[in-house]
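Open the model in a viewer and keep the sequence panel visible. The stops below are given as selections, each followed by what is found there.

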Amino acid sequence: MNDDGTALLTIGDLARATGLTVRTIRYWSDEGALPPVARSPGGYRLYDAACVARLELIRTLRELGLGLDDVRTVLSGERTVAQVAATHVAALDARIRSLRVTRAVLSSVARRGAGTEETTLMNRLARLSAAERERIIDDFMTEVFEGLDTAGPDIRTRLRFATADLPDDPTPEQVDAWVELAELIQDPEFRALMRRMIVFNAADRGPDVPAGTSLWFMSRLVQLAGEALRRGVVPEAPEAGEILRGLIGDADPAAVLERLTAASDERVARYRRLSAELKGLEPLPSYEEEFSWVVAALRCRAGR
């Protein structure tokens with residue numbers, strides 16, 4: 001009996017009052033979350049009415065996923081429920097992201113019929129932390145642009161935007177795309193190819209060259225080559241030479257050919273498609289026919 005005349009409760013009484021098992025209550029008591037207020041002459045733990053309320057709070061916090069260490073900090077007043085909840089929200093968010101990646105990887109493995117080595121690689125790349133994925137992208141950008149201060153800022157911005165990261169809630173297709181993109185941008189040959197493209201861009205830029213010049217050139221290429229294709233002008237025709245002059249002016253056809261060969265490489269096109277998949281966007285038109293027409297017309301004249 002308490003000093004105020006209220007009856008003390010045994011663990012069995014608490015179990016009947018709360019619906020919890022005696023074993024669970026005894027364990028929480030042993031762990032210090034629910035200390036008894038007294039002991040019976042026979043050494044049994046006794047609890048008061050306040051312990052019932054405390055026990056209900058412990059159960060609520062445990063059902064929300066809090067460990068006993070966190071429960072004890074709340075009960076002791078070291079931290080508020082809100083503070084502990086915020087910590088657990090962040091942890092749950094991380095766990096949910098991890099589960100989403102796991103689901104996407106498994107879905108992709110099942111769809112592709114992947115073997116053990118491919119599955120291991122996919123899981124390893126997909127589970128890289130955000131910081132690790134960012135490091136891969138930063139390494140790629142650094143190697144491609146190192147020492148090329150005159151490269152157009154629009155090129156740098158677009159390339160960074162294109163080097164997409166894995167979304168927090170990826171689809172199996174996005175996991176596939178990220179794994180392939182991560183392998184691609186770590187490939188020394190692909191990095192060298194992208195660097196050649198940036199070198200060409202940097203060489204074109206002088207102090208008086210406005211930003212967006214490279215975009216203008218590509219737009220003009222698509223326009224002129226598209227018109228030539230619609231009119232049935234073959235790359236070998238004399239008229240094709242006039243169209244080229246409208247595009248490149250007095251520039252050396254061999255130099256322009258080298259530049260466009262790099263820009264129209266299938267790996268670059270694949271890079272763009274993977275980036276679009278990761279962003280959940282429709283891939284931009286590749287204008288393969290227009291590029292092929294200009295490349296063929298340049299080849300006809302590069303050795304002249």
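Which residues are buried in α15? Select helix α15, residues 288-302, and colour Glu290, Phe291, Trp293, Val294, Val295, Ala297, Leu298 and Arg301, which are the buried ones. The 15 residues of this helix should span 21 Å at 1.5 Å a residue, and its end C-alpha atoms are 20 Å apart, which agrees.

**The whole chain**

Now show everything. This is a predicted model. The secondary structure consists of 15 helices and two strands. Of the 304 residues in the protein, 38% are buried. Among contacts with a separation of 6 or more, 66% join residues 24 or more positions apart.

**Helix α3 and isoleucine 58**

Select residues 49-63, which form helix α3, and pick out isoleucine 58 within that helix. Its relative accessible area is 0%, so isoleucine 58 counts as buried. Show what surrounds the side chain: leaving aside neighbours within four places in sequence, isoleucine 58 is in contact with Trp28, Ala33, Leu34, Val71 and Leu75. For a distance label, use the C-alpha atoms of isoleucine 58 and arginine 72, which are 8.8 Å apart in space and 14 residues apart in sequence.

**Helices α4 and α5**

Next, select residues 68-75 for α4 and residues 81-112 for α5. The two pack at an angle of about 155°, and their axes are 9 Å apart. They are therefore roughly antiparallel to each other. On the α4 side the contact is made by Asp70, Thr73 and Val74, and on the α5 side by Val81, Val84 and His88. Sorted by type, the residues of this contact are three nonpolar, two polar and one charged.

Stay on α5. Its 32 residues reach 46 Å from the first C-alpha to the last, close to the 46 Å expected at 1.5 Å a residue. Buried in α5 are Val84, His88, Val101, Ala104, Val105, Ser108 and Val109. The elements that cover these buried residues include α4, α6 and α9. Step just past the end of α5 to glycine 113, which takes a positive phi of about 65°.

**The nonpolar cores**

In soluble globular proteins, nonpolar side chains tend to be buried together. Here the largest nonpolar core has 35 residues. To find it, select Phe140, Leu159, Ile185, Phe190, Met194 and Tyr271, the residues with the most contacts inside this core. At least two residues of this core come from each of α5, α6 (116-126), α7 (130-145), α9 (172-185), α10 (188-204) and α14 (266-279). The largest contribution is that of α9, with eight residues.

Centre the view on leucine 159. Not counting residues up to four places away in sequence, leucine 159 touches Phe140, Met141, Val144, Phe145, Met194 and Tyr271. Apart from the largest core lies another core, of 22 residues. Val222, Val256, Val294 and Ala297 are among its members, and Val294 and Ala297 were coloured earlier as buried residues of α15.

**Aspartate 138**

For the last stop, select aspartate 138 in helix α7. Is this residue buried or partly exposed? Aspartate 138 has a relative accessible area of 31%, and is therefore partly exposed. Its C-alpha atom is separated by 9.5 Å from that of threonine 163, which is 25 residues apart from it along the chain.

Notes:
Residues are numbered from 1 along each chain as its sequence is written. This is a predicted model: local features need pLDDT of at least 70, side-chain atom pairs count only at pLDDT 80 or more; totals for chains, interfaces and linings use all residues. Side-chain values use heavy atoms; hydrogens and water are left out. Axes are lines fitted to C-alpha atoms, for helices over the stretch in contact, and angles run from 0 to 180 degrees between N-to-C directions. Helices (H or I, at least four residues) and strands (E, at least two) are DSSP runs, numbered from the N terminus. Angles under 35 degrees count as roughly parallel, over 145 as roughly antiparallel, 65 to 115 as roughly perpendicular and the rest as oblique. Contact means heavy atoms within 4.5 Å. Ala, Val, Leu, Ile, Met, Phe, Trp, Tyr, Cys and Pro count as nonpolar, Asp, Glu, Lys and Arg as charged, and the others, Gly among them, as polar. A nonpolar core is a set of buried Ala, Val, Leu, Ile, Met, Phe, Trp, Tyr and Cys residues joined through side-chain atoms within 4.5 Å. Buried means under 20% relative accessible area, exposed over 50%, partly exposed in between (1.4 Å probe, protein chains only). The expected span of a helix is 1.5 Å times one less than its number of residues.
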